[in-house]
Amino acid sequence: MNLYLTTNSTKLRFKLNYNPINYDLKTGKFQVQSEKFENYEDARANHWQCDKCEHRFSTYKSLRGHKKEVHAY
Ligand SMILES: [Zn+2]
């Protein structure tokens with residue numbers, strides 16, 4: 001029961017915070033939301049976004065840590 005709830009809320013957070021990386025054929029650049037990046041690594045470093053303060057992170061782990069520390073949840 002507990003395990004099920006945890007899995008479910010993780011999925012929800014994934015949906016809320018993950019910005020997909022798109023490749024723009026016209027400009028040859030990678031795009032995350034409205035921002036463009038020269039290379040995939042730069043785009044990757046910005047695709048996890050905090051829904052509270054819009055700070056960006058390269059990994060879900062660091063986003064989660066940030067939320068715990070700064071927003072206490
Ligand atoms: Zn934040």
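Okay, a definition to start: buried means under 20% relative accessible area, exposed means over 50%, and partly exposed is whatever falls in between, using a 1.4 Å probe and protein chains only. By that rule His-71, at a relative accessible area of 24%, is partly exposed.

Before going on, some housekeeping. This is a predicted model, where local features need pLDDT of at least 70 and side-chain atom pairs count only at pLDDT 80 or more, while totals for chains, interfaces and linings use all residues. Residues are numbered from 1 along each chain as its sequence is written, and side-chain values use heavy atoms, with hydrogens and water left out.

Right, the zinc ion. His-71 is one of its protein donors, through NE2, along with His-66 (NE2), Cys-50 (SG) and Cys-53 (SG), and they lie 2.0 to 2.4 Å from the metal. A donor here is an N, O or S atom within 2.8 Å of the metal (3.2 Å for Na, K and Ca), and since water is not among the atoms, sites may look incomplete. Along the chain, the spacing of the donors reads C-x2-C-x12-H-x4-H. Cys-53 and His-71 link distant parts of the chain: Cys-53 sits in the loop between strand 4 (48–49) and strand 5 (56–57), and His-71 is in helix 3 (residues 60–71), 18 residues apart. Helices (H or I, at least four residues) and strands (E, at least two) are DSSP runs, numbered from the N terminus. Cys-53 is partly exposed too, with a relative accessible area of 38%.

So what arrangement do the four donor atoms make around the zinc ion? It's tetrahedral, because the angles they subtend run from 101 to 120°. The cut-off for four donors to count as tetrahedral is that all angles lie between 85 and 135 degrees. For reference, the ideal angle for four tetrahedral donors is 109.5 degrees.

Next up, salt bridges. That's a side-chain nitrogen of Lys or Arg within 4 Å of a carboxyl oxygen of Asp or Glu. How many does the structure hold? Three.

Let's take Lys-67 with Asp-51, where the closest N and O atoms are 2.8 Å apart. This pair also links distant parts of the chain, with Lys-67 in helix 3 and Asp-51 in the loop between strand 4 and strand 5, 16 residues apart. Is Lys-67 buried or exposed? Buried, because its relative accessible area is 5%. Asp-51, on the other hand, is partly exposed at 43%.

Then there's Glu-35 with Arg-56, at 3.0 Å between the closest N and O atoms. Glu-35 is in strand 3 (residues 35–37) and Arg-56 in strand 5, 21 residues apart, so to speak of this pair is again to speak of distant parts of the chain being linked. Glu-35 is partly exposed, at 37%.

And Lys-29 bridges to Glu-38, with 3.2 Å between the closest N and O atoms. Lys-29 is partly exposed at 27%, but Glu-38 counts as exposed, at 55%.Now the aromatics. Rings of Phe, Tyr and Trp (its six-membered ring) pair if their centres lie within 6.5 Å; planes under 30 degrees apart count as stacked, over 60 as edge-to-face, and the rest as tilted. The count by this rule is four aromatic pairs. One of them is Tyr-23 with Phe-30: the centres are 4.9 Å apart and the planes are at 55°, so this pair is tilted. Phe-30 also pairs with Tyr-40, edge-to-face, at 5.6 Å centre to centre and 70° between the planes. Phe-30 is in strand 2 (residues 29–32) and Tyr-40 in helix 2 (residues 40–44), so the pair ties together parts ten residues apart in sequence. Phe-30 is buried at 19%, whereas Tyr-23 is partly exposed at 47% and Tyr-40 is partly exposed at 39%.

There's a cluster as well: ring pairs link Tyr-18, Trp-48 and Tyr-60. Trp-48 is in strand 4 and is buried, at 8%. Its C-alpha is 6.3 Å from that of Tyr-60, though the two are twelve residues apart in sequence. The side chains of Trp-48 and His-47 are joined by a polar contact of 3.4 Å. A polar contact is a pair of N or O atoms within 3.5 Å; within protein, one must be able to donate a hydrogen and the other to accept it, and residues adjacent in sequence count only if both atoms are side-chain atoms.

Last stop, Asn-19, in the loop between helix 1 (2–17) and strand 1 (21–24). Asn-19 is buried at 8%, and a polar contact of 3.4 Å joins its side chain to that of Gln-33. Leaving aside neighbours within four places in sequence, Asn-19 is in contact (heavy atoms within 4.5 Å) with Val-32, Gln-33, Asn-46, His-47 and Gln-49.

Terms used:
Tetrahedral: all angles 85-135°; square planar, octahedral: opposite > 155°, others 65-115°.
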